[in-house]
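User: Let's go through this structure in questions and answers. Please keep the replies brief.

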Amino acid sequence: MEAKISTSFMALMTGMLLFTGCLKDQCDRTHEFIRYDPVYKTLDGMRVDISVHGPQELKSPGNIYYYNGYLLINERLKGVHVIDNHDPANPVNVAFIEIPGNRDIAIRNNILYADMFIDLVAIDITDIENPVLECRVENVFEQFYSFAGDFGYIVEYVPSNEVVHVDCSDDRWNTWWWRGGDDILWLSAEMSIDVAMMDASSFQGKSSAGSSSTGIAGSMARFTLAKDHLYTLDLANMHVFNLSSNCPEKKSSVEMRWGIETLFPYGDYLFVGSNNGMLIYDNENPESPSFLSEFSHAQACDPVFVSDDIAYVTLRDGSDCRNFVNQLDVIDVSTITSPSLIKSYPMQHPHGLSVVDNTLFLCEGEFGLKIFDVENSGTIADRLLSRIEGLYAFDVIVLPQENVAMVIGQEGLYQYDVSDRSKPGELSMIPISK
């Protein structure tokens, strides 16, 4: 069965809630929403081969990854754009690798590891413009998708406008959500989700340094590489794969908690960002990471970046994590079993981040990119070096030797010369097709 959109089953996940007043009297009112209708795929529809196309325009970019002079940009649930970035001032869009259902990638020794709906695939990119599917590990990411019997799996939701007329006396519409018949879910504007940056997993109930063999992931990554192993997250588990051959061999699954989101390697440890805290795992035995400690915070979405025994965690509102705080937590992890807060800094709308040479590059959503001196972790707020406005910044990768910052956001991919942190200069921009 090919993908199809159900008109009888719809999920309303977010949107504007407008009360337009009573129409004829005090008993009727109108609510306007953006509704989301599910798209289904069967196993046969999901387990297809990859394909390669000429360069395509960015439409809905997600995570970014840098490898050997190439920048790879995820196109949500579609595949990966391949950008020749040897000259950041003149990036060349050279190919599009179609990987249906893809959200994240990692690369080691010219093998690209990617999620393809519920499976993990390994792709040989020795010739990056002519990749070859090497193998598939089945049923790794089932937790991201709801199974709907003969229809298959729900793989995404498609938005459309919806206007609903209701009786003023219906108290169900006075709550932030209401689940009606036929699994209809209505959410009020007060509980809005960051639609531009969400993926299908939102609807369910990193390498810190690059080399010739591995690449650099953004701070929003759910995949990471360490000690010849690949680590991936679903909604509540970390899966571990040995990479001694081109085809990943699954070694273990580590049960965590619901709401784990990002993964960052640091020395012999793995740092996991979850929606209510930062988890730290001992990775001395790479096939069986063990829990060491955690730093808890209010419910929030939080990418983690670690540098020089300091962990930087962002918390933001306006997301499906239903947090109402925008801040940067700076945490001392020198005593790995007992992380302690150094200081929390109010921010405007923080997303992804990177730290290079005592410099913090912080994506602030609609408020752009901020660059801080973090040599003294107790005075970061007083050490704003510069701010780039006029873009929606979601995540950032910094190449220290080249002094280049690559920023992905709602408008496209921006690249900046940051050799002078106080005066970053734009090198290039690849726009999103509207």
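User: How many bridges join strand 22 to strand 23?

Analyst: The model is predicted. Strand 23 covers residues 269-274 and runs antiparallel to strand 22. Within this pairing, Phe264 stands opposite Phe271 of strand 23. The number of bridges joining the two strands is six.

User: Which strands stand at the edges of the open sheet?

Analyst: Four strands make up the open sheet, in the order 22-23-24-25, with antiparallel pairing. An edge strand has a single partner strand, so one side of it is left without a neighbour in the sheet. That holds for strand 22 (260-266) and strand 25 (290-296).

User: What does the twist average from one strand to the next?

Analyst: The sheet in question is the open one with the order 22-23-24-25. From one strand to the next, its twist averages 20°.

User: Is the aromatic pair of Phe141 and Phe144 stacked or edge-to-face?

Analyst: The structure holds nine aromatic pairs. In the pair of Phe141 and Phe144, the centres are 6.2 Å apart and the planes differ by 25°. Planes under 30 degrees apart count as stacked. The pair is therefore stacked.

User: Which residue has its charged end over the ring of Phe144?

Analyst: Phe144 is buried, as is Phe141. Ring pairs link both of them with Phe223 into a cluster. The charged end over the Phe144 ring lies 4.1 Å from its centre and belongs to Arg103.

User: Is Lys434 buried or exposed?

Analyst: Lys434 lies in the segment after strand 37 (425-431). Its relative accessibility is 85%. Exposed means over 50%, so Lys434 counts as exposed.

Terms used: Residues are numbered from 1 along each chain as its sequence is written. This is a predicted model: local features need pLDDT of at least 70, side-chain atom pairs count only at pLDDT 80 or more; totals for chains, interfaces and linings use all residues. Side-chain values use heavy atoms; hydrogens and water are left out. Rings of Phe, Tyr and Trp (its six-membered ring) pair if their centres lie within 6.5 Å; planes under 30 degrees apart count as stacked, over 60 as edge-to-face and the rest as tilted. Buried means under 20% relative accessible area, exposed over 50%, partly exposed in between (1.4 Å probe, protein chains only). A charge sits over a ring if NZ of Lys or CZ of Arg is within 6 Å of the ring centre and within 35 degrees of the ring normal. Two strands pair if DSSP finds at least two bridges between them. Axes are lines fitted to C-alpha atoms, for helices over the stretch in contact, and angles run from 0 to 180 degrees between N-to-C directions.
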